[in-house]
Amino acid sequence: MDKGFLPARSRSKLLKKPSPISMQELQGSLSSYFDDVPDPRVNRTKRHLLKDILVIAILSTIAGGDGWEDMENYGISKQQWLQKFLDLPNGIPSDDTFRRVFEKVDPKVLEQKLTEWVKQLIGPVVQQVIPIDGKSIRGSYDRKTGENNLHLVTAWASENRLVLGQVKVENHSNEITAIPALLELIDVTGAIITMDAMGTQTEIVRLIRQKKADYVVTLKKNHPTLYKQVKTWFETARAKQFWGIEVSEDSRTEKAHHRIETRKVGAVPVGVLGGLYKQEDWTDIQTIVIVERFRYLWNKTTHEVQFYLSSLPVDAQLNGRVIRQHWSIENQEHWVLDVTFNEDRSRIRSLNSPRNLAVIRRMSLNAVNQETTLKRSLRQKRKRAAMNDEYMMLLLKSFCQG
């Protein structure tokens with residue numbers, strides 16, 4: 001046997017034999033998701049079904065497409081296969097048709113479809129860490145019209161690696177107004193919500209507890225009095241080596257990227273501070289978490305201290321794990337969308353199309369992440385889906401599991 005080829009047994013580890021999905025099952029599932037999406041076109045201009053347009057857009061994006069021409073080219077290349085589960089009454093839509101439809105479709109409807117699909121896909125998110133964070137699509141800025149970058153706030157199920165939902169940050173506003181709208185859109189019962197300092201607001205914390213979830217949120221200088229109180233207490237307690245103070249501790253050291261990082265996590269009950277500034281406004285707060293990070297590089301050592309407010313018990317290991325998982329939204333969603341799905345490079349910016357395509361990308365990311373039999377990178381999975389219709393069917397199976 002040539003050395004360049006893997007034995008059959010080794011190849012089987014890369015791609016297990018998936019359970020089949022019928023065309024009838026796929027057709028019914030796609031219809032149930034997309035048939036009730038309101039069509040913004042007037043009847044006399046409807047040569048193509050809205051469902052067909054949406055499905056081809058998703059398939060093209062999964063397969064590596066970035067825009068309208070890619071959608072048309074994918075449809076033309078796969079027309080014979082697509083006809084097995086799509087109607088295509090007048091063939092494949094043109095790139096202009098894709099553009100006009102996505103400019104007009106109500107993005108809130110597609111965002112709701114994304115949320116409903118994921119909810120049926122994974123069920124309850126009890127005890128799962130759900131980071132909430134904002135992301136700008138840089139290429140959506142339009143100098144001619146003065147339109148700002150599209151900025152979205154998304155919720156990420158860290159364990160399942162799925163986008164739970166997205167909400168647009170309105171012009172002349174910020175994430176503080178968008179986060180409550182996102183929390184109302186998704187079911188977070190039993191979950192642990194994490195946010196950076198922008199989301200550390202008393203009303204947002206109150207809403208999280210009303211939604212029967214816990215929170216771990218970053219405390220920074222945007223709450224100057226509370227931040228100064230916690231920082232002063234910590235510096236005093238550290239100088240006394242926390243003598244006589246009830247504290248839960250955990251420490252971890254990791255080596256990666258030519259550096260050594262040690263994280264020391266301390267968790268203390270809010271009572272040891274003698275009461276927080278306006279503590280009654282922070283609903284059900286139990287714990288102050290202190291994270292010290294020491295980074296040892298070849299030419300320097302850095303040290304930083306970060307504080308967090310938590311409704312979780314006084315457990316350094318638990319709170320530290322939750323804080324660490326918050327960064328999954330940056331590494332596994334934001335970074336992947338920019339590097340693998342080329343989101344920041346997209347120059348599509350007219351009307352509703354940037355926001356609608358953002359939903360399509362997140363649906364595509366979810367579908368690729370749900371498929372686990374092929375032990376390859378997301379980029380390689382997308383290439384396999386573009387080349388192999390059977391594998392694309394396997395990715396689409398997630399739409400039939402709700």
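Two strands pair if DSSP finds at least two bridges between them. That rule underlies the exercises below, which concern a predicted model.

**Exercise 1. Place strand S2 among its partners.**

Task: Find which strands S2 is joined to, how they run, and which residues stand opposite each other.

Solution:
- Step 1. Begin with S1. It is joined to S2 by 6 bridges, and the two run antiparallel.
- Step 2. Pick a facing pair. Ile137 stands opposite Leu150 in S2.
- Step 3. Turn to S3. Here 6 bridges join S2 to S3, again antiparallel.
- Step 4. Pick a facing pair on this side. Leu152 stands opposite Lys168 in S3.
- Step 5. Look at the link. S2 and S3 make a hairpin with 4 residues between them. In the turn, Arg161 has a positive phi of about 60°.

**Exercise 2. Decide whether the faces of S2 are covered or open.**

Task: Sort the residues of S2 by side and state their burial.

Solution:
- Step 1. Recall the cut-off: buried means under 20% relative accessible area.
- Step 2. Take one side. Leu150, Leu152, Thr154 and Trp156 are all buried.
- Step 3. Take the other side. His151, Val153, Ala155 and Ala157 are all buried too.
- Step 4. Conclude. Both faces are covered, and 8 of the 8 residues of S2 are buried.
- Step 5. Add a neighbour. Helix H13 (residues 353–370) lies across S1, S2 and S3, running at about 170° to S3.

**Exercise 3. Read the whole sheet.**

Task: Give the strand order, then explain why S3 and S6 each have one side without a neighbour in the sheet.

Solution:
- Step 1. Write the order: S3-S2-S1-S4-S5-S9-S8-S7-S6. These 9 strands form an open sheet with mixed pairing.
- Step 2. Go to the edges. Strand S3 (162–168) and strand S6 (248–256) each have a single partner strand, so one side of each lacks a neighbour in the sheet.
- Step 3. Add the twist. It averages 25° from one strand to the next.
- Step 4. Check the S6 edge. 9 bridges join S6 to strand S7 (residues 259–269), and the two run antiparallel. Ala256 stands opposite Arg259 in S7.

**Exercise 4. Describe the surroundings of Ser310.**

Task: Locate Ser310, state whether it is buried or exposed, and list its contacts.

Solution:
- Step 1. Ser310 belongs to strand S9 (residues 301–310).
- Step 2. Its relative accessible area is 0%, so Ser310 is buried.
- Step 3. A polar atom of the Ser310 side chain lies 2.9 Å from the backbone nitrogen of Leu312.
- Step 4. Leaving out residues up to four places away in sequence, Ser310 touches Tyr215, Val216, Ile285, Gln286, Thr287, Val289 and Asn319.

**Exercise 5. Classify two aromatic pairs.**

Task: The structure holds 6 aromatic pairs. Say how the rings of Trp68 and Phe102 are arranged, then those of Phe234 and Phe307.

Solution:
- Step 1. Trp68 and Phe102 are 5.7 Å centre to centre, with 25° between the planes. The pair is stacked.
- Step 2. Trp68 is in helix H4 (residues 68–77) and Phe102 in helix H6 (residues 95–104), 34 residues apart.
- Step 3. Both are buried: Trp68 at 13% relative accessible area, Phe102 at 0%.
- Step 4. The ring centres of Phe234 and Phe307 are 5.8 Å apart and the planes stand at 70°, so this pair is edge-to-face.
- Step 5. Phe234 lies in helix H10 (residues 224–239) and Phe307 in strand S9, so the pair ties together parts 73 residues apart in sequence.
- Step 6. Widen the view. Ring pairs link Tyr227, Trp233, Phe234, Phe242 and Phe307 into a cluster.

Conventions:
Residues numbered from 1 in each chain as written. Predicted model: local features only at pLDDT ≥ 70, side-chain atom pairs only at ≥ 80, totals over all residues. Heavy atoms only, no water. Buried < 20%, exposed > 50% of the residue type's maximum accessible area, 1.4 Å probe, protein only. Polar contact = N/O pair within 3.5 Å; in protein donor to acceptor, adjacent residues only side chain to side chain. Contact = heavy atoms within 4.5 Å. Axes fitted to C-alpha atoms, helices over the stretch in contact; angles between N-to-C directions. Phe/Tyr/Trp six-rings, centres within 6.5 Å; stacked < 30°, edge-to-face > 60°.
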